[in-house]
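Subject: Structure handover

Hi,

Here is the structure I promised to pass on. My notes on what turned up in it follow right below.

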Amino acid sequence: ADAEMAAAEVGTQAAQWLSLRHHLKVYFYKFGHKSCCFHDVAPYLASFRQLPHQQKALLKPLSASLREAEPNLLPQRLCWLQRYTCLCQWRLACGDATCVNLTMASRLEVARCWMESYSAHLSFSADLEPRERGYGDLLPILASELMIRRPIYDWHL
């Protein structure tokens, strides 16, 4: 009886993780290009911190969708950049094992990629007011968070 209850509980937990991942993916596909996307789901992403298998199951399809749909036209390209930035935030927030638990050299490589994306898209923000945040301006901050392994709200001068 105990074994059956344990199996039922494991099955229930697996179904709950599947449901959570499904809803997060749907939310990302629908709102990943909006700045609210990360903040709305950050509490849920934290629950993935110690679960590399769940992180991979959530993040891998999202990463693949961005690689497959990298557009060339400016309006679509801006949307892609915003989704890319959001995915970087998600990776850090859920403690993505392919991002956070890397060697210093590997973290430096990921940060370099994020900075290259930032540099490649600087021209998209040229028409914004100086006080407005540019479309990719969060990428250098995320790269810094990755390198020092601390979120910006935990930085102390």
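Let's start with α2, where Cys 37, Phe 38, Val 41 and Leu 45 are buried (buried is under 20% relative accessible area, exposed is over 50%, and partly exposed is in between, with a 1.4 Å probe and protein chains only). Those four sit on the same side of α2, because they cover an arc of only 100 degrees around the axis; the arc is taken from the directions that run from the helix axis to the C-beta atoms. The face of α2 turned away from the buried side carries His 39 and Pro 43, both exposed.

Before going further, a word on provenance. This is a predicted model, so local features need pLDDT of at least 70 and side-chain atom pairs count only at pLDDT 80 or more, while totals for chains, interfaces and linings use all residues. Residues are numbered from 1 along each chain as its sequence is written, and side-chain values use heavy atoms, with hydrogens and water left out.

**Overall layout**

The protein chain has six helices and zero strands, so from the N terminus on the order is simply α-α-α-α-α-α, where helices (H or I, at least four residues) and strands (E, at least two) are DSSP runs numbered from the N terminus. Of the 157 residues in the protein chain, 34% are buried. Looking at contacts (heavy atoms within 4.5 Å) between residues at least 6 apart in sequence, 68% join residues at least 24 apart. The protein chain exposes about 9,900 Å², and carbon and sulfur atoms supply 59% of that; accessible areas come from the Shrake-Rupley method with a 1.4 Å probe, and for residues only the protein chains shown count as cover.

**The core**

The largest nonpolar core has 31 residues. By nonpolar core I mean a set of buried Ala, Val, Leu, Ile, Met, Phe, Trp, Tyr and Cys residues joined through side-chain atoms within 4.5 Å. Leu 45, Leu 58, Trp 90 and Trp 114 have the most contacts inside this core. Each of α1 (2-31), α2 (36-45), α3 (52-68), α4 (74-93), α5 (104-120) and α6 (138-148) supplies at least two residues of this core, and α4 gives the most, with nine. Leu 45 you have already met on the buried side of α2. Setting aside residues up to four places away in sequence, Leu 58 touches Arg 21, Leu 24, Lys 25, Leu 45, Phe 48 and Trp 90.

**Salt bridges**

How many salt bridges does a search of the whole structure find? There are three, a salt bridge being a side-chain nitrogen of Lys or Arg within 4 Å of a carboxyl oxygen of Asp or Glu.

- Arg 112 pairs with Glu 109, with the closest N and O atoms 2.3 Å apart. The two are three residues apart in helix α5, which means about one helical turn separates them.
- Glu 116 also pairs with Arg 112, and here the closest N and O atoms are 2.1 Å apart. Both lie in helix α5, four residues apart, or about one turn of the helix.
- Arg 131 and Glu 129 meet through their side chains at 3.9 Å, N to O.

Glu 109, Arg 112 and Glu 116 are therefore linked in a network of salt bridges. As a reminder, an α-helix has 3.6 residues a turn, so residues three or four places apart point the same way. Within the network, Arg 112 is partly exposed at 37% relative accessible area, Glu 109 is partly exposed at 37%, and Glu 116 is partly exposed at 44%. In the remaining pair, Arg 131 is exposed at 75%, whereas Glu 129 is partly exposed at 43%.

**Odds and ends**

Glu 116 is 23 residues from Leu 139 in sequence, and their C-alpha atoms are 9.3 Å apart in space.

Is Ser 125, in the loop between α5 and α6, buried or exposed? Ser 125 counts as buried because its relative accessibility is 15%. Leaving aside neighbours within four places in sequence, Ser 125 is in contact with Gly 134 and Tyr 135.Finally, Ile 141, Ile 148, Ile 152 and Trp 155 make a nonpolar surface patch of about 330 Å². Patches are made of residues with over 30% relative accessible area and no salt bridge, where like charges are joined within 9 Å and nonpolar side chains (Val, Leu, Ile, Met, Phe, Trp, Tyr) within 5 Å. One of the patch residues, Ile 152, is found in the segment after α6 and is partly exposed, at 41% relative accessibility.

Cheers
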